[in-house]
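Hi everyone, thanks for coming. I'd like to walk you through one chain today, slowly, so that anyone new to structures can follow along. Please have a look at it first.

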Amino acid sequence: MATKKVTVTIPEELLEEIRGETGERGLSAYVADALRLKRDRDRLVELVGWLQEEHGAVTDEERAAAREELQDLDAEHERRRTAARKPHAGEAA
């Protein structure tokens with residue numbers, strides 16, 4: 001992917017925190033990832049707005065059902081991670 005050098009203004013404290021976590025060479029990748037996430041979130045907000053215009057707002061019941069489904073998925077992922085960490089029969093611990 002082609003890249004282009006740009007100049008941006010970032011609050012000093014934020015820049016120091018990010019550099020402390022990424023080092024000087026990782027700053028560009030960190031900023032690029034942050035911009036991708038922001039762009040993706042903006043697109044998702046746009047999609048949600050369009051879906052609500054087409055189908056109406058999400059009800060409290062629909063929200064609760066979605067949260068419950070996400071909790072079930074999280075529990076399943078945790079169960080699989082835990083199972084993957086356990087030694088299988090016949091393996092040394």
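**A walk along two helices**

Let's begin with a single residue: E13 is exposed, with a relative accessible area of 55%. The cut-off for that word is over 50%, so E13 qualifies as exposed. Before we go on, please keep in mind that this is a predicted model.

Where does E13 sit? It belongs to helix α1, which covers residues 12-55. E13 also has company: E12, E13, E16, E17 and E21 gather in a patch of negative charge on the surface. A little further along comes E24, which is also placed in helix α1. E24 counts as exposed, at 52% relative accessibility. E24 and E13 are eleven residues apart along the chain, and their C-alpha atoms are separated by 15 Å.

Now let's step back to the whole chain. How many helices and strands does it have? There are two helices and zero strands. For the overall shape, we can use the radius of gyration. A compact globule of 93 residues would have a value near 12 Å, but this chain has 21 Å. If you draw a box around the C-alpha atoms along the principal axes, the box is roughly 55 × 55 × 30 Å.

What share of the residues counts as buried? The figure is 4% of the 93 residues. The chain exposes about 9000 Å², and carbon and sulfur atoms supply 54% of that area.

The start of the chain is a good place to look next. M1 lies in the segment before α1, and M1 is exposed, with a relative accessible area of 90%. Compare the position of M1 with that of V58: they are 57 residues apart in sequence, and from C-alpha to C-alpha they are 38 Å apart in space.

Next, let's talk about charges. The chain carries 16 positive and 22 negative charges. The mean positions of these two groups are 7 Å apart. How many salt bridges are there in the whole structure? A search finds eight, and I'll show you some of them.

One joins the side chains of D40 and R39, with 3.2 Å from N to O. D40 is partly exposed, at 38% relative accessibility. For R39 the value is 38% too, which makes R39 partly exposed.

Another salt bridge links the side chains of R79 and E76, with 2.6 Å from N to O. Why might these two be placed to meet? R79 and E76 are three residues apart in helix α2, residues 60-85, so about one helical turn separates them. R79 is partly exposed, with a relative accessible area of 47%, and E76 is partly exposed as well, with 26%. This pair is not on its own, since E76, R79 and R80 are linked in a network of salt bridges.

Then there is the salt bridge between the side chains of R85 and E78, with 4.0 Å from N to O. Is R85 buried or exposed? At 58% relative accessibility, R85 counts as exposed. Its partner E78 is partly exposed, with a relative accessible area of 36%.

After all those charges, let's look at some nonpolar side chains. Which residues form a nonpolar patch on the surface? They are L44, L47, V48, W50 and L51, and together they have about 440 Å² of accessible area.

Let me pick out two members of that patch. W50 is found in helix α1, and W50 is partly exposed, with a relative accessible area of 44%. L51 is also placed in helix α1. With a relative accessible area of 35%, L51 is partly exposed. Looking back along the chain from L51, we can find L35: the two are 16 residues apart in sequence and 24 Å apart in space, C-alpha to C-alpha.

So here is the picture to take home. The chain has two helices and zero strands, and 4% of its residues count as buried. A patch of negative charge on the surface includes E13, while a nonpolar patch on the surface includes W50. Over in α2, R79 and E76 pair up about one helical turn apart. Thanks for listening, and do ask if anything was unclear!

Terms used:
Residues numbered from 1 in each chain as written. Predicted model: local features only at pLDDT ≥ 70, side-chain atom pairs only at ≥ 80, totals over all residues. Heavy atoms only, no water. Helix = DSSP H or I, 4+ residues; strand = E, 2+ residues; numbered from the N terminus. Rg over C-alpha atoms; globule rule 2.2 N^0.38 Å. Buried < 20%, exposed > 50% of the residue type's maximum accessible area, 1.4 Å probe, protein only. Areas by Shrake-Rupley, 256 points an atom, 1.4 Å probe, with all protein chains shown as cover. Lys, Arg positive; Asp, Glu negative; His and termini not counted. Charge placed at Lys NZ, Arg CZ, Asp CG, Glu CD. Patch = residues over 30% accessible without salt bridge, like charges linked within 9 Å, V, L, I, M, F, W, Y side chains within 5 Å.
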